[in-house]
Amino acid sequence: MSQSAQEGFGRTIQLFLADGVPNGLIVASIHGWTGSILVASQATFARLLARPELERTGVYILFGPDPEDALSMRAYIGEADSVRDRIDRSAADRNFWETAAVITTSDDALTKGHVRYLEARLIEIAKAADRVMLDNGQLPTAERRRLPEADRANMEAFIGNLKIILPVVGLDLLKPKPRATKIAPSEGAVTDEPRFEFRHKSGVKAFAVEEDGEFVVLEGSQALKDTEFTTNSYAALKQELIDKGVLAPSKGDGRYVFTRSYAFRSPSAAAAVVLDRNANGRTRWLVVGSKLNYHEWQENNAMKERQSNE
């Protein structure tokens, strides 16, 4: 079965709350898969180190805000014959991390060759995805990826499951950035994918698409500046976008312009940055060429999905 065909099936992800509380240690896996991921915060790190799974061969990830870039995350990826000692030293040497994840198997099937391959591939994929700044000083060489053909195929299938489960536990370092880039020459004309536009009496123009669960405002979109509204929950985010050059002053019209596309966590966050004040993005963003707002568009999609399943 091809990978594309496999992606059409649903997956059952199992999240075991080892401490019995939502903010405690989590053990995550996919039904029918021998791999497992143990996820801890700094507060539960000691309990992670006490787990017997950390005596096994595995890969680990340290993940948190990038201290050098408020808009970015930083990650360190490592491997070890016995994860406990290595991850403890790595965590002590790095103060950026907020989440620690250990990747191993329930049947102790990973060998040193397997985890060296996994480490090299995860670093390669994370570097290509360009969502995080890697804290690894030296990138593994191709020699770390020398495995028999059958083992390589098994490890690539293993990585395929990691791409599914890591974002669920809050680690999106393997997820490619949105493909959307610029506003179409016709300023948001309808394309194969739904596009949304922001209409406002000030004349400010902004366009966006939804991609892989993220709301992406497109390069070339505009945002208001210096409106002096006191109710803006996203003022700090907007200032970070200005400081990092994502928003730059537009010549002659007293506005900002997006110098590159930016993925927001919600349409309301995007609307607040565009309007320079709090706004309900679910009603303010409209489908290009339609009177439907974002909320109505979602409702229509849900109805079509229900009808197709009947």
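How many bridges join β8 to β9? Four bridges do so, and the two strands run antiparallel. The model is predicted: local features need pLDDT of at least 70, side-chain atom pairs count only at pLDDT 80 or more, and totals for chains, interfaces and linings use all residues. Residues are numbered from 1 along each chain as its sequence is written, and side-chain values use heavy atoms, with hydrogens and water left out.

**The sheet**

Select β8, residues 195-198, and β9, residues 206-211. Strands here are DSSP runs (E, at least two residues) and helices are runs of H or I of at least four residues, numbered from the N terminus; two strands pair if DSSP finds at least two bridges between them. Within this pair, E197 stands opposite F207 of β9.

Next add β15, residues 285-287. Three bridges join β8 to β15 in an antiparallel arrangement, and L286 is the bridge partner of E197.

Extend the selection to the five strands of the open, antiparallel sheet, in the order β14-β10-β9-β8-β15. β14 and β15 each have a single partner strand, so one side of each is left without a neighbour in the sheet.

Now show the side chains of β8. R195 and E197 point one way, F196 and F198 the other, and all are buried (under 20% relative accessible area, with a 1.4 Å probe and protein chains only).

**The helices**

Select α7, residues 267-275, which touches β8, β9, β10, β14 and β15 (contact means heavy atoms within 4.5 Å). Its direction makes about 110 degrees with that of β15; axes are lines fitted to C-alpha atoms, for helices over the stretch in contact, and angles run from 0 to 180 degrees between N-to-C directions. Then select α9, residues 294-309, which lies across β8, β9, β10 and β15 at about 30 degrees to β9.

**The largest pocket**

Finally, select L71, S72, R131, Y262 and A263, the residues nearest the centre of the largest pocket, which is lined by 40 residues. A pocket is an open set of points on a 1 Å grid where a 1.4 Å probe fits, with protein on both sides within 12 Å along at least five of seven lines; lining residues have an atom within 4 Å of a point.

Technical notes:
Buried means under 20% relative accessible area, exposed over 50%, partly exposed in between (1.4 Å probe, protein chains only).
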